[in-house]
Amino acid sequence: MTKRRWPDVVYGLDDSEAVIRALDAASAAAADVPSAACNHLVLLIDECVTPLLRLVAHEFGYEAHFIHHRGWGGLKDPQLLKKLLSDDLTIVTNNYSDWVGLLGDSDLHPGLIVILENAPRSIELEHFTRVMLHVAGLSSLVNTAVEVGPDGHVESYPLPQ
């Protein structure tokens, strides 16, 4: 019998082995990082990326929620923006063009994390792990965007600029 560390939603799909390897790698990477190094970071996982990113965030010691688990599935981005700002949530998405504009128009926001669009779950998990390692070196994501490129390179920059 296989020992199951991750939730049952990970097992049984074609990409399960790659996803489990990515989650195990995230767990190992998180073990070398001080827990929740970036102060006051609470993440909201957008519905356009895998909800499994929440597991990676938890491995790094951060609170994270999937949009649907908060009952916000289907909200339009401007409606969601109001919730993000009022609840001090950093959005994790692959929708750069919409969110950089929305948050770039805000004087003060809790941050933006952008990963690759249309990537397999395992790649999203690998890239998000790199983001979490990068975030561990930051004191805050307030008015900051963190983006991972196709090559896995992570950069952060002020938003609005």
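1. In this predicted model, the side chains of strand β2 (residues 63–66) alternate between two faces: A64 and F66 point to one face and are buried, whereas E63 and H65 point to the other and are not buried.

2. Strand β2 runs parallel to strand β1 (residues 42–45), and four bridges join the two. Within this pairing, F66, one of the buried residues of β2, stands opposite I45. Between the two strands comes helix α2 (residues 53–59), and β1, α2 and β2 together make a β-α-β unit that is right-handed.

3. Strands β1 and β2 belong to an open sheet of six strands with mixed pairing, in which the order is β2-β1-β3-β4-β5-β6. The edges are taken by β2 and β6 (154–158), each of which has a single partner strand, so that one side of each is left without a neighbour in the sheet. On average, and with direction ignored, neighbouring strands of this sheet are turned by 20° against each other.

4. Elsewhere in the sheet, strand β4 (residues 112–114) and strand β5 (residues 144–148) run parallel and are joined by three bridges. In this pairing, the bridge partner of I113 is V146 in β5.

5. Helix α4 (residues 96–104) has W99, V100 and L103 as its buried residues. Seen down the axis of α4, these buried residues fall within an arc of 100°, and they therefore line one face of the helix. The elements against which the buried residues of α4 pack are α3 (77–87), β3 (90–93) and β4, so a reader who wishes to inspect this region may start from W99, V100 and L103, which are buried under the 20% cut-off on relative accessible area.

6. Some backbone features deserve a separate look, since most residues other than glycine have a negative phi and most peptide bonds are trans. D88, which is not a glycine, has a positive phi of about 55°; D88 lies in the loop between α3 and β3 and is partly exposed, with a relative accessible area of 42%.

7. N118 likewise has a positive phi, near 55°, and is a residue other than glycine. N118 is found in the loop between β4 and α5 (121–135), where N118 is exposed, with a relative accessible area of 72%.

8. Finally, the peptide bond from L159 to P160 is cis, with omega near 5°, and P160 is found in the segment after β6, the strand that stands at one edge of the sheet.

Methods
Residues are numbered from 1 along each chain as its sequence is written. This is a predicted model: local features need pLDDT of at least 70, side-chain atom pairs count only at pLDDT 80 or more; totals for chains, interfaces and linings use all residues. Side-chain values use heavy atoms; hydrogens and water are left out. Buried means under 20% relative accessible area, exposed over 50%, partly exposed in between (1.4 Å probe, protein chains only). Two strands pair if DSSP finds at least two bridges between them. A crossover is right-handed if, with the strands pointing away from the viewer, the path from the first strand over the helix to the second runs clockwise. Axes are lines fitted to C-alpha atoms, for helices over the stretch in contact, and angles run from 0 to 180 degrees between N-to-C directions. The arc is that of the directions from the helix axis to the C-beta atoms. Contact means heavy atoms within 4.5 Å.
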